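Colleague: Please take a close look at one part of this model, the binding sites and the empty spaces. I would like the surroundings described piece by piece.

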Amino acid sequence: MAKKQQVPGVEEFDGPAGGWPALGAVARAVRDQMAVADELRALKRVNQPDGFDCPGCAWPDPKHTSSFEFCENGAKAVAWEATGKRAGPEFFAGHSVAELWSWSDHRLEDIGRLTHPMRYEHATDRYVAVDWDEAFAGIGAALRAVGDPDAVEFYASGRASNEAAFLWQLFAREFGTNNFPDCSNMCHEATSVGLPESIGFGKGTVSLEDFEHCDAIFSIGHNPGTNHPRMLSTLRAAARRGVPIVVINPMRERGLERFASPQHPLEMLTGGETRLATTYSQPRVGGDIAVLQGIMKALLAEDAAQCEAGGAGLLDREFISRHTEGFEALGAELATLDWPDIEARSGLGRADMEALAAIYARADRVIVCYGMGITQHRHGTQNVQQIANLLLLRGNIGRPGAGICPLRGHSNVQGDRTVGITEAPTEAWCAALEGEFGIRVPRRRGHNAVEAVQAISQRRSRAMLCLGGNLAVAMSDPDTVFPALRGLDLSVHIATKLNRSHLLVGQGQSFLLPCLGRTERDVQEGGEQFVTVEDSMSMVHASRGSLAPASDQLRSEPAIVAGIAGATLPDSRVDWRHLVADYARIRAAIEAVHPDFRDYEERISTPGGFHLENPAARRQWHTPTGRARFLCAGAGPAAPAPDVLQLATVRSHDQYNTTIYGFDDRYRGVRGRRDVVFAHPDDLAALGLAHGDRVDIEAVDGGAGTRRRLRGYTVIAGQIARGSLAAYYPEANALLSLDSHDRQSGTPAYKSIPVRLRAAAAE
Ligand SMILES: Nc1nc2c(c(=O)[nH]1)N[C@H]1C(S)=C(S)[C@@H](COP(=O)(O)OP(=O)(O)OC[C@H]3O[C@@H](n4cnc5c(=O)[nH]c(N)nc54)[C@H](O)[C@@H]3O)O[C@H]1N2
Ligand SMILES: Nc1nc2c(c(=O)[nH]1)N[C@H]1C(S)=C(S)[C@@H](COP(=O)(O)OP(=O)(O)OC[C@H]3O[C@@H](n4cnc5c(=O)[nH]c(N)nc54)[C@H](O)[C@@H]3O)O[C@H]1N2
Ligand SMILES: [Mo]
């Protein structure tokens, strides 16, 4: 084979995940960001019983340890927030919004923490400082001027605490709308919609202890080495027990292959490492329904053969008959699918899928973990439901060591939903809010994220308030979203750092309200406060910041929400000041409207917190028939035309969603750049292309009159399955139309964008 040509910034990485490079990366992050030694203290308080919840991810903390657990990307997230850099009024005086627009996403956030409330001034095209009271009054007046409450969008990103999120939804509902576009609409909505139909509950069913008792782990469509690094310790322990770890992922991810644990000095010092994946299957992007159908078909065939030979078979028949429905229909569907079709759609061979079925059948207790590679497709909800099917076939839900494990994104995205951030609240929730506060809660379904952006682009919605996040950049289709947001009458952003969404100013009013982060001390009238968050496995625990705030002007998220609410609703039935003076009062209100939070204040004071109710984990199925349901997916998405490739957008190792810490993607061998696309060498050869060539990527469903493309990308040959491409989020959002989303959950199809690749056109 010809030697690959040298490509600047691209060199294969042959080390394990973790190890010394991880420590080095943290040292660099600390050096770049943290000016004061004091801020380093923050790193020692991450995920400690009396410290703050790591803003990095929603993976739970092992209850029984209180020792510092080293996590490279957690440390980077903390350093990024606890930075010594500041973006104060002097900074904004020196730079117009038009100028800032030309800066990269990395450079915008790297200016540092926002220090003062700011209002956009049209005459000078600059953000200028305002008083808090002036800002609240201006926002309140503008909101009342909108007239129709359903013309206002209340976006939330999943870093907000339970307390802030609860106040957010209380304010919006008293104002009169259920418009709650939320980051989870772009993330695990397929889980929140898909699992209730399958198992009657929209969250994962496992706890961290289950990983100590499982006999096999399936990891489908997630990249924990980068996005949930503390999970590698769990996988490492399982691997050392001899538990098979099966990976199903179109890309080879180093963090799923090999790991040198920074927690284990001997492994570090001796250059040792632990092998994680025992089987690594690389289906085509978007091929998961077919993969799961193939595994189930093979399982049913082997089960039938064993039964015929007089054995007991491989299915948990007792569980299926007592607890489920729809088994016959699923079996009938699988029987109609033929292997060549499954192979074409999945990109795997029949023998591969039979081998996966055999591993699955041999294990008594199986956990399936999954992430964005499953949810962010046009058929994301169906993907999730096929995973549930697979588990139900052998009774792998609702017993120790087994279950379904969606890896949530933001550190409190699950909690935000629990405390009422949803466009479709239950009647029970609305009635409880009304009972507790004496307000009128609208029952009309509101907007999710895609619907909110559609409404804004059609001027049906005219104001947007954002509790964190960077909606414009996170959403698909910047060509539609950016102009739409510029047309708003009012935009309000509660944020820690400057990002591109804040620069989408138009003829209307824009406000930038700086808030405390997780790491910082939060003092209200009633004294020092803590907040609460819920992790991926439904554990609710306290988070208490300890650093001095980045500026004496900062306010907490709950205080800012209360400030806006008070100024907007002069006749509010809610005593906002009273609630915010002591967050225990907010928690008491949550307890009053949500039965699972009984004795909230008392239970939150136990180190490690408490576990929320999880009926599916107890085999109570809150479906209409009281049974778990096998759900058919049909033939699923067809394999694309031969010249069309499916592009998945992925996170690099140096980013947190739209926050770009740096330009390296260490485990994938990329340094100092992000303008690359991963492709299979055979696909490249078929197109007359090779490793290192410059290409243009063009969306196939570009939509009428538009041409969605990325120009001048460099191809990296290898690491990914045939028929598939991968490029970095958020840049590649330019390829995805707003209309391309899962019809059931509204999740944009960020992981299956049909594109063509061609040699770059001359400039
Ligand atoms: N450091 C860091 N931590 C984070 C984040 C971050 O950006 N940085 N983001 C947080 C958030 S909000 C989230 S949601 C999570 C995201 O965590 P992940 O779910 O790990 O997110 P992605 O990087 O989008 O990668 C998903 C994986 O899916 C694979 N994939 C792509 N298409 C397919 C497919 O069709 N099938 C299968 N089986 N796999 C596919 C990709 O190869 C990749 O390995 O992480 C959270 N934690
Ligand atoms: N192409 C593509 N697009 C995607 C995805 C993908 O995989 N591919 N993933 C999707 C997913 S899973 C998600 S979750 C969304 C993420 O969408 P968002 O949650 O909207 O985006 P983030 O990048 O996490 O938001 C970053 C901003 O949050 C603010 N911030 C940080 N900390 C705090 C805080 O403590 N309080 C407040 N108020 N603000 C804070 C900062 O100003 C920062 O600029 O993106 C989605 N978009
Ligand atoms: Mo996410």
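Modeller: What follows goes through the two ligands, then the pocket, then the cavities.

The model is predicted. Start with ligand 1. Its shell counts 32 residues, and Glu253, Gly286, Asp288, Gln655 and Asn657 come nearest. By class, that shell holds 11 nonpolar, 17 polar and four charged residues.

Several polar atoms of the protein sit by oxygen atoms of ligand 1. Asn223 places a backbone N or O atom 2.7 Å from one oxygen atom of the ligand. Met372 offers a polar backbone atom, 2.9 Å from an oxygen atom of ligand 1. Arg651 uses its side chain instead: an N or O atom there is 2.8 Å from an oxygen atom of ligand 1. Taken alone, ligand 1 exposes 930 Å², and the protein buries 98% of that. Four elements give two or more residues to the shell around ligand 1. They are helix H10 (224-227), helix H19 (372-375), strand E24 (645-650) and strand E25 (655-656).

Now ligand 2. Around ligand 2 there are 32 residues, with Tyr155, Glu557, Thr658, Tyr729 and Asn733 closest. The class split for this shell is 13 nonpolar, 13 polar and six charged residues.

The polar neighbours of ligand 2 include both backbone and side-chain atoms. In Asn470, a backbone N or O atom lies 2.9 Å from an oxygen atom of ligand 2. Glu557 brings a polar side-chain atom to 2.6 Å from a nitrogen atom of ligand 2. For Thr658, a polar side-chain atom lies 2.5 Å from an oxygen atom of ligand 2. Ligand 2, taken alone, exposes 930 Å², of which the protein buries 97%. Helix H24 (471-474) and strand E16 (490-495) each supply at least two residues of this shell. Domain 2 (86-187 + 412-517 + 554-573) and domain 4 (645-759) both give residues to the shell around ligand 2, so ligand 2 lies between these domains.

Next, the open space. The largest pocket has a volume of about 1100 Å³. Its lining comprises 31 residues; Phe201, Gly202, Arg417, Thr426 and His594 lie nearest the pocket centre. Helix H9 (189-199), helix H21 (413-418) and helix H22 (427-437) each give two or more residues to that lining. H9 provides the largest share, five residues. By class, the pocket lining divides into 12 nonpolar, 10 polar and nine charged residues. Where does the pocket sit relative to the domains? It lies between domain 2 and domain 3 (189-406), because both give residues to its lining.

Last, the enclosed space. A search of the whole structure finds six cavities of 30 Å³ or more. The second largest cavity has a volume of about 140 Å³. It is lined by 17 residues, and Cys71, Glu72, Pro229, Phe259 and Pro262 are the closest to its centre. Strand E1 (17-18) and helix H11 (231-240) are the elements that give two or more residues to this lining. The lining of the second largest cavity has nine nonpolar, five polar and three charged residues. Domain 1 (17-81) and domain 3 both contribute to that lining, so the second largest cavity lies between them.

Conventions
Residues are numbered from 1 along each chain as its sequence is written. Chains are lettered from A and ligands numbered from 1 in the order in which they are written. This is a predicted model: local features need pLDDT of at least 70, side-chain atom pairs count only at pLDDT 80 or more; totals for chains, interfaces and linings use all residues. Side-chain values use heavy atoms; hydrogens and water are left out. A residue is near a molecule or strand if one of its heavy atoms lies within 4 Å of it. A polar contact is a pair of N or O atoms within 3.5 Å; within protein, one must be able to donate a hydrogen and the other to accept it, and residues adjacent in sequence count only if both atoms are side-chain atoms. Accessible areas come from the Shrake-Rupley method with a 1.4 Å probe; for residues, only the protein chains shown count as cover. Ala, Val, Leu, Ile, Met, Phe, Trp, Tyr, Cys and Pro count as nonpolar, Asp, Glu, Lys and Arg as charged, and the others, Gly among them, as polar. On a 1 Å grid over the protein atoms alone, a cavity is a set of points where a 1.4 Å probe fits but cannot get out, and a pocket is an open set with protein on both sides within 12 Å along at least five of seven lines; lining residues have an atom within 4 Å of a point. Grid points are joined across faces, edges and corners, and a volume is the space filled by probe spheres set on the points. Domain bounds come from an automatic or database domain assignment.
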